[in-house]
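Me: I would be grateful for a close look at the salt bridges of this structure. Please set out which side chains pair, where they sit and how exposed they are, and then relate this to the other side-chain pairings.

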Amino acid sequence: SSGTRCPVCAEPWVSPRLLPCLHSLCAPCLRQLGPLGEPGRAAAARSVLCPVCDAEVALPPGGVGQLTPDYLALSRGGAAAAAGCDLCADGAAVRRCLTCGANLCLFCCQAHRRQKKTSSHAVMELESTKDCSQAEKPLFCPSHPTERLRLFCEQCDQPVCRDCVVDRHRQHPYDFTGNVIHRHGDALRELLKSTQQRMGTLEGVLSQMDDMGSALHDRTEAVATEICLFASGYVKAIEEHRDQLLKQLEDLKVQKENLLHLRKAQLQQLLLDMRTGVEFTERLLTSGSDLEILITKGVVASRLAKLNSIAYNTHPSVDDRIQFSPQERAGQCRGYELFGAILSKVVDPARCTLHGEDLHSARQNQLTGFILLCSDTTGERMGRGGEAVQVTITHKDKRDCAVKPKVCDNGDGTYHVSYSPEEPGLYAVCVYVKGQHVKGSPFTLMVKNKIREHQGVFHCCTFCSSGGQKAARCACGGTMPGGYQGCGHGHKGHPGCPHWSCCGQVKESSECLGGPPSDTSQRSLLRTVAL
């Protein structure tokens, strides 16, 4: 502590104690500090908050009493007081006893020399004692108040008295304070030197930070000036851009409201139709006769089934996703580059398109699919995913036969729809976005029978390659139409070699004796292989 009074109570020091953060407080003030830490924490391990630097410091197990006394603070307080006599408290102190450390007035000094017990004490002028070190003032042991601290326990690293040496510090290595002060003082000076060097480094860093703060302030003002100059010429362009954005936002709002009203009207009509069907059916079942029920059953069941088959979205088809991005480039206006755009796009199912080579055809038990490309009302690609896409694939002849497609959101406005039909035949494919058909939906899908894989040997026409021998046989043992083993030619004549093997695999052959293949022969073979 650097003051002559306690920083908490602002009163002269009363048993000052030194905290680990090197700030001193009066012992009574320390005891009034509230403990820190978790509730239920042991009192012996409690911590307090230093009121000077707000550092959390741990108290020793014995509490405040075991903190190091700050004799230096007491010395400063005594010197600052320029106190009167310590004995009579009436006269001004002019001398000081170096033995007992008391400040004495002229009268008490004379009495001090006349008394037998103090006649041998060394008394000096008070002005001469101002420069005396604290080591010259006798300090007494806290455990043995009548004994001076003259020794130093090396093991416990603390000053002790004679009684301490024979009591709690028995068999501990010790020496006189005058003998060890140089060694410990030198170590402390080395630490002081290292700390001072670090202080210099920190001061340099803080100075750089101050300089950077000033430079930052200057730079900020310069940039602010540039911004103001730039904005003064940008105002008209920005205002025009603002009006365009507001109009775009209003148009987007109207569009969303129209879509919401349309979807709401559709759902209300569906609900009305369902309510009509339910009321009629309930009235029929409660009031109609058995014959009336049987007569009307077909129409009612058909209507209810149709109503139940209508797909609808359980969530609102319109969302409130409207965002403004100030970093988005918006082109130029009046020669200035503009930023800021409304990113929200409203998907338009009527402008969403389907793409794929096998869009209308597929093979049994083979994985196939197509791509759905979502666009907004202007026909521009959405560029993001998250839309409510629903796909149904139903067999036209077998109502209970349906394919469960898998819809994968690519996150860029496209969706990959994959499926694997188990039954051949015609299917009706419906693709919905937000409960509405996309462009080209619904459409018909033709699923063909799966192809049998050839398990034999692939080669050219056996009959032609053998020179027309009737006994020629394909290596796989198959039989082709025409009466011969392994050849698609007729029994008589050569209408033209189709270059097919017995299982329908086309092969080119330079050894064919029948000449170029004819269309009639090829069509016949194709029909046969398909069967």
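Reply: In this predicted model, the side chains of Asp412 and Arg381 form a salt bridge, with 3.1 Å from N to O. The two residues belong to distant parts of the chain, 31 residues apart: Asp412 is in the loop between β19 (406-409) and β20 (414-419), and Arg381 is in the loop between β16 and β17 (389-395). Asp412 is partly exposed, at 30% relative accessibility. Arg381 is also partly exposed, with a relative accessible area of 41%.

A further salt bridge joins Glu423 to Lys398, whose closest N and O atoms are 3.6 Å apart. Glu423 is in the loop between β20 and β21 (425-433) and Lys398 in the loop between β17 and β18 (402-403), so this pair ties together parts that are 25 residues apart in sequence. The relative accessible area of Glu423 is 32%, which makes it partly exposed; Lys398, with 38%, is partly exposed as well.

Asp348 and Arg351 supply another salt bridge, at 3.7 Å from N to O. Here Arg351 counts as partly exposed, its relative accessibility being 41%. These pairs are among the ten salt bridges that the structure holds.

The aromatic side chains may be considered next. The structure holds two aromatic pairs. One of them is formed by Phe370 and Phe443, in an edge-to-face arrangement with 6.0 Å centre to centre and 80 degrees between the planes. Because Phe370 lies in strand β16 (residues 368-373) and Phe443 in strand β23 (residues 443-448), the pair ties together parts that are 73 residues apart in sequence. Phe370 is buried, at 2% relative accessible area, and Phe443 is likewise buried, at 8%. Ring pairs also bring in Tyr419, so that Phe370, Tyr419 and Phe443 are linked into a cluster. Strand β16 thus carries Phe370 of the aromatic pair, while the loop between β16 and β17 carries Arg381 of the salt bridge with Asp412.

Helix α3 offers a further view of buried and exposed positions. In this helix (residues 106-114), the buried residues include Cys108, Cys109 and His112. They lie on the same side of α3, because they cover an arc of only 105 degrees around the axis. Phe107 and Arg114, on the other side of α3, are exposed. The buried residues of the helix pack against β6 (95-97), β7 (103-104) and β8 (123-125).

Technical notes. Residues numbered from 1 in each chain as written. Predicted model: local features only at pLDDT ≥ 70, side-chain atom pairs only at ≥ 80, totals over all residues. Heavy atoms only, no water. Phe/Tyr/Trp six-rings, centres within 6.5 Å; stacked < 30°, edge-to-face > 60°. Helix = DSSP H or I, 4+ residues; strand = E, 2+ residues; numbered from the N terminus. Buried < 20%, exposed > 50% of the residue type's maximum accessible area, 1.4 Å probe, protein only. Arc of directions from axis to C-beta. Contact = heavy atoms within 4.5 Å. Salt bridge = Lys/Arg side-chain N within 4 Å of Asp/Glu carboxyl O.
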